Amino acid sequence: MIKKFIVTPRLPERLRPLLEIARNVWWTWSRNAVALFRRIDVDLWEECNHNPVAMLGNIHPERLDVLAQDEAFLAHLDSVKKELDTYLQRKTWYSKIYGENLDIQIAYFSMEFGLHESLPFYSGGLGCLAGDHLKSTDELGLPFVGVSLCYQEGYYRQYLNLDGWQQEHYPENDFYNMSLTPVRDSSGSNLIVQVELPGRLLSARIWKLQIGRVPLFLLDTNIPENLPHDRAITARLYGGDPDMRIRQEILLGIGGVRALHALGYRPTVYHMNEGHSAFLGLERIRQLIADEGLSFDEAREASAAGNAFTTHTPVPAGNERFPGDLIRNYFRNYVKDLKISTEDLLALGRENPHDQREELCMTVMAMRLSCHANGVSKLHGQISRRMWKRVWPGIPDWEIPISHITNGIHAQSWMSDEFARLYERHIGPRFLDEPVNQRIWKRVVDIPDNELWRAKERLRERLVSYVRERVRRQIKRFGVYQRKIASAEEVLDPDILTIGFARRFATYKRATLILRDLPRLKRLLLDRERPLQLIYAGKAHPNDHPGKELIRQIAQLTKDDELRHRVVFIEDYDLDVARHLVQGVDVWLNNPQRPLEASGTSGMKVTVNGGLNLSILDGWWCEGYQGDNGWAIGSGEEYTDREYMDQIESTILYELLEKEIVPLFYKRGPDGLPREWIQIMKNSIRSCCPAFNTNRMVEEYAEKIYLPAAIQWNILSKNHFETARILAAWKSHISTSWHQISVVSVEADTTQELEIGNSLGVAVRVHTGTISPNEIAVEAVYGPLDVGGEIRVGEAMALAFQSAEGPVATFTGAIPCYGAGRYGFAIRVLPFRRELVHKFQMGKITWWTGDSAVPSETVAEKVLGAVK
């Protein structure tokens with residue numbers, strides 16, 4: 001038996017603040033703090049992968065004694081400590097606007113968080129977005145807490161074999177030498193939460209990561225209390241078979257809610273970042289049933305009001321699904337506490353609740369257990385509404401209750417020192433505290449061209465130096481001759497046009513599109529007067545063999561004697577590699593298959609560093625592109641023939657490079673400056689920086705989702721959930737009586753032509769049965785007709801109740817005529833109650849079809865072609 005004990009860094013009293021700074025992730029976006037840690041021992045800093053806790057635990061005591069007597073270092077330390085204290089105590093956006101008047105606590109659940117390379121609990125864009133989300137909620141001062149899993153091995157580390165085939169290895173994370181602290185109970189023991197699994201209890205300890213004022217709690221099952229296969233639940237991110245994945249997601253969703261309760265948190269709003277944490281909706285319901293004596297329906301009303309869900313992918317494979325037998329195995333006892341059956345639970349996660357062959361989809365369950373759902377760009381919102389329309393049958397695409405909030409980046413985490421100093425000198429330091437202020441960013445025009453260009457040149461030089469060192473290490477790993485290692489110094493040129501492509505190597509992202517016509521690309525790469533160079537980085541999922549093949553093709557190209565100094569693949573893509581790339585490249589290439597890129601954020605990170613985007617009009621670039629701030633590949637076309645699409649879009653890509661991008665970059669004035677290129681840089685900074693940052697994004701989440709959700713939760717939970725009970729009873733009454741609803745008649749004079757500015761009077765008589773007229777909404781849905789006589793995109797207008805004769809009520813209104821052409825309208829009836837978050841919440845809708853009204857998707861498709 002091994003007796004365990006913990007050893008912590010021994011710091012002289014005067015240096016103790018170093019550990020406090022190191023254990024707050026705030027340091028990662030403080031240039032002053034990073035410089036402080038580098039100053040201690042720059043070589044050790046690099047060796048420890050920029051991990052300050054590990055560095056402090058490995059530095060020689062004599063070096064610490066010297067630093068404790070170094071007045072200049074101590075002054076630097078004091079300034080960083082003061083900066084942190086001031087940051088933690090300052091007034092924030094939230095406190096200035098909302099103060100303490102609203103009872104709100106927001107919990108944010110995500111399978112991964114990309115906060116820094118020294119905290120490898122992320123795989124890609126989803127984690128980077130989650131990490132930037134936390135940083136901005138801290139800057140803005142929202143009452144926030146994050147929840148995730150603490151991965152012993154994280155995502156894999158990548159290297160390529162001699163053939164260029166991706167290999168994976170999984171080094172273990174040493175939590176005790178990271179910016180983590182274990183959470184203890186009142187007795188000093190590890191705080192443990194438990195979740196029921198078939199025939200056993202799963203235990204998890206809790207680690208805490210502090211991001212400014214915001215805590216992130218991470219669950220860890222690698223403890224002796226668990227069986228070996230359960231200890232492995234938190235071993236790897238996105239690893240294992242469906243059985244492992246469902247255990248991970250049970251731990252995240254159910255265990256995460258229990259962890260927050262054990263820690264004393266009582267969130268009013270839960271935000272599910274992707275469907276991985278959808279089981280938290282069930283756990284909120286279970287707790288309300290147990291603690292408040294509510295029924296399942298009553299508890300669901302209350303919890304859903306305070307739940308928000310963000311979907312991040314339009315790719316079907318990205319939406320987790322579990323077979324029914326797996327759900328039955330893991331939830332057969334849990335559903336007893338919910339007072340429902342496993343079939344009822346499965347129905348919550350099926351697009352068609354009545355199709356027993358359908359698997360449970362975590363995305364669908366998350367939407368069904370939330371009153372707020374959104375995509376992550378304007379286009380992605382449209383695609384999501386189309387993709388998930390079966391969850392809301394009978395509703396036109398444009399009205400399906402999935403909104404959008406476009407992603408952003410935490411600018412300070414991605415901005416280079418050179419550009420930060422440039423901005424401070426010429427647009428003022430307020431850009432740090434007010435990154436969404438467009439008036440501040442308009443001052444970028446005042447930055448002297450020569451200063452802006454020199455800053456960009458320094459970043460390109462640094463990138464080339466960084467890449468050469470990475471390539472040297474990659475070559476050295478194979479044990480080759482010293483001459484071969486020395487050849488790394490010939491890789492890339494710090495003075496030529498540099499294009500970057502780095503992201504997850506999924507096939508739809510088309511990493512090799514630019515390689516489609518290799519002779520044409522070679523002419524561009526090897527042009528003696530105006531050459532360009534390509535830097536690649538990225539990982540494929542361990543099971544994605546087509547993605548690995550793309551990496552292999554690029555790796556083989558880097559071995560070509562002609563191209564090896566112009567094309568580079570950097571192994572083991574992480575946040576450090578990403579930061580160097582987005583800061584150093586001139587052009588960021590992004591060519592996914594539209595519309596499969598939900599948002600993308602890497603291109604946003606380029607703009608704050610003066611880089612320009614060359615991208616398909618997909619995701620965020622549909623909103624970011626303005627014609628004078630970068631380049632668009634195509635005009636937003638969508639293709640069904642992949643081969644034809646690749647042919648067309650690769651041709652456009654080559655033509656943009658040959659006729660616009662390369663000539664513009666090398667068009668220099670007498671002073672050697674590419675002034676037209678610099679103007680595009682300024683246009684890009686001015687237009688993109690204030691719009692595509694997570695401070696703007698989080699403000700939108702707060703105002704559109706978090707605050708309305710908290711208000712609705714407070715309404716439903718008041719007086720021991722009295723309103724939630726009433727609302728559930730009302731919904732039951734409406735559901736059982738809705739078959740009585742029918743449209744008796746519709747009167748409107750459609751024989752006369754109307755002029756713009758006039759209106760069309762409509763009178764509708766509805767048979768309501770035992771439902772009161774004030775419990776329904778009657779709406780006219782109107783708009784221009786297409787050639788098939790269908791309304792593709794329309795508007796809904798509520799009609800006013802006029803009178804009732806027995807079970808028949810009359811509603812009237814006037815449809816405005818706002819444009820010339822052929823128009824049409826349809827009539828529908830929906831349940832109405834003030835406490836409903838949105839009018840489609842019940843999923844009940846009756847359309848008028850002339851002779852009769854039937855509440856079915858089929859009728860809606862005939863009435864409104866947009867539903868098809």
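1. Start with Val436. In this predicted model, Val436 sits in the loop between helix 20 (430-433) and helix 21 (438-441). Val436 is partly exposed, with a relative accessible area of 27%. That value falls in the partly exposed class because buried means under 20% and exposed means over 50%.

2. Now look at what surrounds Val436. Leaving aside residues up to four places away in sequence, Val436 touches Pro690, Asn693, Asn695, Arg696 and Glu699. Asp43 is another matter. Val436 and Asp43 are 393 residues apart in sequence, and their C-alpha atoms are 37 Å apart in space.

3. Turn to the six-stranded sheet. This sheet is open, its strands pair in parallel, and their order is 17-16-15-18-19-20. Which strands are at the edges? They are strand 17 (567-570) and strand 20 (630-633), and each pairs on one side only. Neighbouring strands here are turned by 20 degrees against each other on average, direction ignored.

4. Next, strand 15 (497-502). Is strand 15 enclosed or open to the outside? Six of its six residues are buried, so strand 15 is largely enclosed by the rest of the structure. Both of its faces are covered. Leu497, Ile499 and Phe501 are buried on one side. Thr498, Gly500 and Ala502 are buried on the other.

5. Check the pairing inside this sheet. Strands of a sheet pair through backbone hydrogen bonds, either parallel or antiparallel. Strand 15 and strand 16 pair in the parallel sense over six bridges. Ala502 stands opposite Ala537 in strand 16. Strand 19 (residues 612-616) and strand 20 also run parallel, joined by four bridges. There, Ser615 has Ala632 of strand 20 as its bridge partner.

6. Helices pack against these strands. Helix 24 touches strand 16 (532-537) and strand 17. Its direction makes about 110 degrees with that of strand 16. Helix 29 lies across strand 15, strand 16, strand 18 (587-590), strand 19 and strand 20. Helix 29 runs at about 165 degrees to strand 20.

7. The two helices also meet each other. The axes of helix 24 (residues 518-526) and helix 29 (residues 642-665) come within 11 Å and cross at roughly 20 degrees. That makes helix 24 roughly parallel to helix 29, because angles under 35 degrees count as roughly parallel. The crossing is left-handed.

8. Which residues make the contact between helix 24 and helix 29? Helix 24 supplies Arg520, Leu521 and Leu524. Helix 29 supplies Thr651, Tyr654, Glu655, Leu657, Glu658 and Val662. Sorted by class, this contact has five nonpolar, one polar and three charged residues.

9. Finish with the four-stranded sheet. This sheet is open too, with the order 21-22-26-25 and antiparallel pairing. Strand 21 (742-747) and strand 25 (800-805) stand at the edges. Each has a single partner strand, so one side of each is left without a neighbour in the sheet. Neighbouring strands of this sheet are turned by 25 degrees against each other on average, direction ignored.

10. One pair in that sheet is worth tracing. Strand 21 and strand 22 (residues 759-767) pair in the antiparallel sense over five bridges. Glu747 has Ala763, in strand 22, as its bridge partner.

Technical notes. Residues are numbered from 1 along each chain as its sequence is written. This is a predicted model: local features need pLDDT of at least 70, side-chain atom pairs count only at pLDDT 80 or more; totals for chains, interfaces and linings use all residues. Side-chain values use heavy atoms; hydrogens and water are left out. Axes are lines fitted to C-alpha atoms, for helices over the stretch in contact, and angles run from 0 to 180 degrees between N-to-C directions. Angles under 35 degrees count as roughly parallel, over 145 as roughly antiparallel, 65 to 115 as roughly perpendicular and the rest as oblique. A crossing is left-handed if the near helix is turned anticlockwise from the far one by less than a right angle, and right-handed if clockwise. Contact means heavy atoms within 4.5 Å. Ala, Val, Leu, Ile, Met, Phe, Trp, Tyr, Cys and Pro count as nonpolar, Asp, Glu, Lys and Arg as charged, and the others, Gly among them, as polar. Two strands pair if DSSP finds at least two bridges between them. Buried means under 20% relative accessible area, exposed over 50%, partly exposed in between (1.4 Å probe, protein chains only).
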